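Thank you all for coming; I would like to spend a few minutes walking through one model, residue by residue where that helps. Please keep the structure open in front of you as I go.

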Amino acid sequence: MYSKAKIAGHPIHPMLVAFPIAFYTAACIGYIAYAVGSLDVFWFRLAYVANVAGVITALVAAIPGFIDWAFGVPTGSAAKLTGLYHLGFNVTALILFALSAWINFSQYGMLI
């Protein structure tokens with residue numbers, strides 16, 4: 001993969017995307033465990049913290065990803081359109097998880 005954002009010749013975006021994926025997955029599992037389980041506060045806390053960490057790491061991963069898409073992918077190529085879809089779906093996920101974190105913020109504070 002050709003990348004404009006690199007560290008020691010290695011593309012940054014693929015290094016970072018594993019973090020929001022893992023955090024978003026942990027958040028979903030935690031919220032489900034809280035909702036269908038015993039309503040143990042541990043699961044809600046885990047889900048909320050993972051949700052916030054996922055949003056933060058997604059924002060960090062988006063920066064080199066956007067640089068690669070904007071300046072590294074040739075204009076008019078099929079990859080440019082595929083990258084635009086990738087960007088759109090991931091920004092949508094970011095917005096939904098950020099909205100979830102915002103909605104659950106007051107509940108997290110009450111459960112501490």
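Let me start with Ala 61, which is buried, at a relative accessible area of 3%, and which sits in helix H3. What we are looking at is a predicted model, so please hear everything that follows with that in mind. Once the neighbours within four places in sequence are set aside, the residues in contact with Ala 61 are His 13, Leu 16 and Val 17. There is also a pairing in space with Ala 18, which is 43 residues away from Ala 61 in sequence, while the two C-alpha atoms are 9.2 Å apart.

Staying in helix H3, which covers residues 41-72, let me turn to Thr 57, another of its residues. A polar atom of the Thr 57 side chain lies 2.9 Å from the backbone oxygen of Ala 53. Beyond four places in sequence, Thr 57 touches Phe 19, Pro 20 and Phe 23.

That last name takes us across to helix H2, residues 18-36, where Phe 23 is found. Is Phe 23 buried, partly exposed or exposed? With a relative accessible area of 29%, Phe 23 is partly exposed, because the partly exposed class runs between 20% and 50%. Its contacts, again without residues up to four places away, are Ala 50, Ala 53, Gly 54 and Thr 57, and so the contact with Thr 57 that I mentioned a moment ago appears here from the other side. The C-alpha atoms of Phe 23 and Val 52 are separated by 8.4 Å, with their positions 29 residues apart along the chain.

Now to the interior. Which residues touch the most other members of the largest nonpolar core? They are Tyr 24 and Tyr 31, in a core of 14 residues. Helices H2, H3 and H4 each supply at least two residues of this core, and the largest share, 6 residues, comes from H3. As general background, nonpolar side chains tend to be buried together in soluble globular proteins. Taking Tyr 31 on its own, and leaving out residues up to four places away in sequence, we find that it touches Phe 44, Ala 47, Tyr 48 and Asn 51, and also Ser 100 and Asn 104.

One more residue of H3 deserves a word, namely Leu 59, which counts as partly exposed at 46% relative accessibility. Leu 59 and Leu 94 are 35 residues apart in sequence, and their C-alpha atoms are 8.0 Å apart in space.

Let me move outward to helix H4, residues 78-110, and to Phe 89 within it. Phe 89 counts as exposed, its relative accessibility being 64%, and the cut-off for that class is over 50%. Together with Leu 81, Leu 84 and Tyr 85, Phe 89 forms a nonpolar patch on the surface, and the accessible area of these residues together is about 460 Å².

Finally, the beginning of the chain, where two residues are worth setting side by side. Ser 3 lies in the segment before strand S1, which is residues 6-7, and Ser 3 is buried, with a relative accessible area of 2%. Which side chain does the side chain of Ser 3 make a polar contact with? The partner is Asp 68, at 2.8 Å. A polar atom of the Ser 3 side chain also lies 2.9 Å from the backbone oxygen of Ala 5. When neighbours within four places are left aside, Ser 3 is in contact with Pro 11 and Asp 68.

Ala 8, by contrast, is exposed, with a relative accessible area of 73%, and it belongs to the loop between S1 and strand S2, the latter being residues 10-11. Its phi angle is near 55 degrees, which is a positive value in a residue other than glycine.

That is where I will stop, and I am happy to go back to any of these residues in the discussion.

Technical notes:
Residues numbered from 1 in each chain as written. Predicted model: local features only at pLDDT ≥ 70, side-chain atom pairs only at ≥ 80, totals over all residues. Heavy atoms only, no water. Helix = DSSP H or I, 4+ residues; strand = E, 2+ residues; numbered from the N terminus. Buried < 20%, exposed > 50% of the residue type's maximum accessible area, 1.4 Å probe, protein only. Polar contact = N/O pair within 3.5 Å; in protein donor to acceptor, adjacent residues only side chain to side chain. Contact = heavy atoms within 4.5 Å. Patch = residues over 30% accessible without salt bridge, like charges linked within 9 Å, V, L, I, M, F, W, Y side chains within 5 Å. Areas by Shrake-Rupley, 256 points an atom, 1.4 Å probe, with all protein chains shown as cover. Salt bridge = Lys/Arg side-chain N within 4 Å of Asp/Glu carboxyl O. Core = buried A, V, L, I, M, F, W, Y, C linked by side-chain atoms within 4.5 Å.
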